[in-house]
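Trainee: Could you take me through the salt bridges of this structure in detail, and then the sheet beside them?

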Amino acid sequence: MEGKRSNTRPLTLLRKIKGFTRSIVEDLARGRPPLIYIERFRNYCTDTSGNCSCSSGLSTGKEAISLKRECHARRLDVMLRVLLIVQQLLQENRHGSKRDIYYMHPTVFKEQSVVDRAINDICILLQCSRHNLNVVSVGNGHTPFQSLLKKLMAMAVTVTPLMLEQDIISVAQYVIVVEKESVFQRLANDQFCKRNRCIVITGRGYPDVPTRRFLRLLIDKLHLPVYGLVDCDPYGFDILTTYKFGSLQMAYDATFLRVSEIQWLGVFVQDCDNYSIPQQCLLPLTAEDKRKIEAMLPRCYLQREVPQWRFELELLLHKGVKFEIEALSVHSLTFLSHEYLPSKIHNGGYI
Ligand SMILES: [Zn+2]
């Protein structure tokens, strides 16, 4: 991430935008139909041969956009309109949301997904992330940095780093990412961070981009080990893979946002036995749970990068039961903070 940052400064991006539009104008002036190549990215497929290039940050092919096809001409029109808005945002050092951009030409764009696709195309063309374009998520009026600060303040009860400009200083020794806010609150109530010198973060389920950016920033700046604590069910597993490998919808951004360092701390199927979770705390997997697991098992990155995670997922399907992190409270409310997490971290109980 550090290396890429120098290529994504506003001035560099503005220069790239100028170069791109100039090449189109030159083509048109010479009576040559413009031809634009957009690289395609995906972060996983179901190719089990191990020969695919997913998750590597490499493109999986190029798409040629020409004016010959009407749908391509329209796509180029939208892209240029959005590019003009982005250029203005960068020149004026202002931020706009994807929704703001949509409402600047609603009759042309017709729907939000058209704008989203154009923004994605522009990110790929300029080799930058959406936040580099000064474009923020829908419904979020804050600049990316303000969002990070807001998040940090919301976590002030358990987070101890000092944030000065974009430098972070911390005495923490590791970071724990928890799936759910209820578990985050449990750890806050138990003053887990103070007792254990760590940083706890939650994305409240599937993490949004600011949460993933914040985590990426923390790991880049502090170089700390990072552990994921999720429910023992297919959703917990999928959330964990979103942190580690990114989401399918934002395959290009994954190269900027993925936290490949994250290790899976729990809760695992075997924890039921290892930590004596009684049978009544376990729930049978539903038909939908089973379908979701079966759909996740062939993801190429599991076999290639984390075969142990894949094995755990198979085990979950085989056992046919799931359980929540909170099931550990069957022993006592503080069992998670005082027993489970310290024993996992000190005994290397993660994969
Ligand atoms: Zn693949």
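Mentor: Asp289 and Lys322 form a salt bridge (a Lys or Arg side-chain nitrogen within 4 Å of an Asp or Glu carboxyl oxygen), with the closest N and O atoms 2.8 Å apart. The pair connects distant parts of the chain, 33 residues apart: Asp289 belongs to helix α14 (residues 287-296) and Lys322 to strand β12 (residues 321-322). Helices (H or I, at least four residues) and strands (E, at least two) are DSSP runs numbered from the N terminus. The model is predicted: local features require pLDDT of at least 70 and side-chain atom pairs 80 or more, while totals for chains, interfaces and linings use all residues. Residues are numbered from 1 along each chain as its sequence is written, and side-chain values use heavy atoms, without hydrogens and water.

Asp289 counts as buried because its relative accessibility is 4%; buried means under 20% relative accessible area, exposed over 50%, and partly exposed in between (1.4 Å probe, protein chains only). Lys322 is also buried, because its relative accessible area is 17%.

The structure holds 22 salt bridges. Another of them joins Lys344 to Asp271, with 3.3 Å between the closest N and O atoms. This pair likewise links distant parts of the chain, 73 residues apart, with Lys344 in helix α17 (residues 335-346) and Asp271 in helix α13 (residues 271-274). Both Lys344 and Asp271 are buried.

A salt bridge within one helix is found between Glu314 and Arg310, at 3.4 Å from N to O. Both residues lie in helix α16 (residues 307-319), four residues apart, or about one turn of the helix. Glu314 is partly exposed because its relative accessible area is 36%, whereas Arg310, at 18% relative accessibility, counts as buried. Elsewhere, Arg40, Glu63, Arg75 and Asp121 are joined into one network by salt bridges that share partners.

Helix α17, which carries Lys344, leads to the sheet. Helix α17 lies across β7 (174-178), β9 and β10, and runs at about 140° to β10; contact means heavy atoms within 4.5 Å. Angles run from 0 to 180 degrees between N-to-C directions, and axes are lines fitted to C-alpha atoms, for helices over the stretch in contact.

The open sheet has four strands in the order β8-β7-β9-β10, with parallel pairing; two strands pair if DSSP finds at least two bridges between them. β8 (198-202) and β10 (263-266) are the edge strands, each pairing on one side only. From one strand to the next, the twist averages 30°. Strand β9 (residues 226-229) runs parallel to β10 and is joined to it by three bridges. Across this pairing, Tyr227 stands opposite Gln263 in β10.
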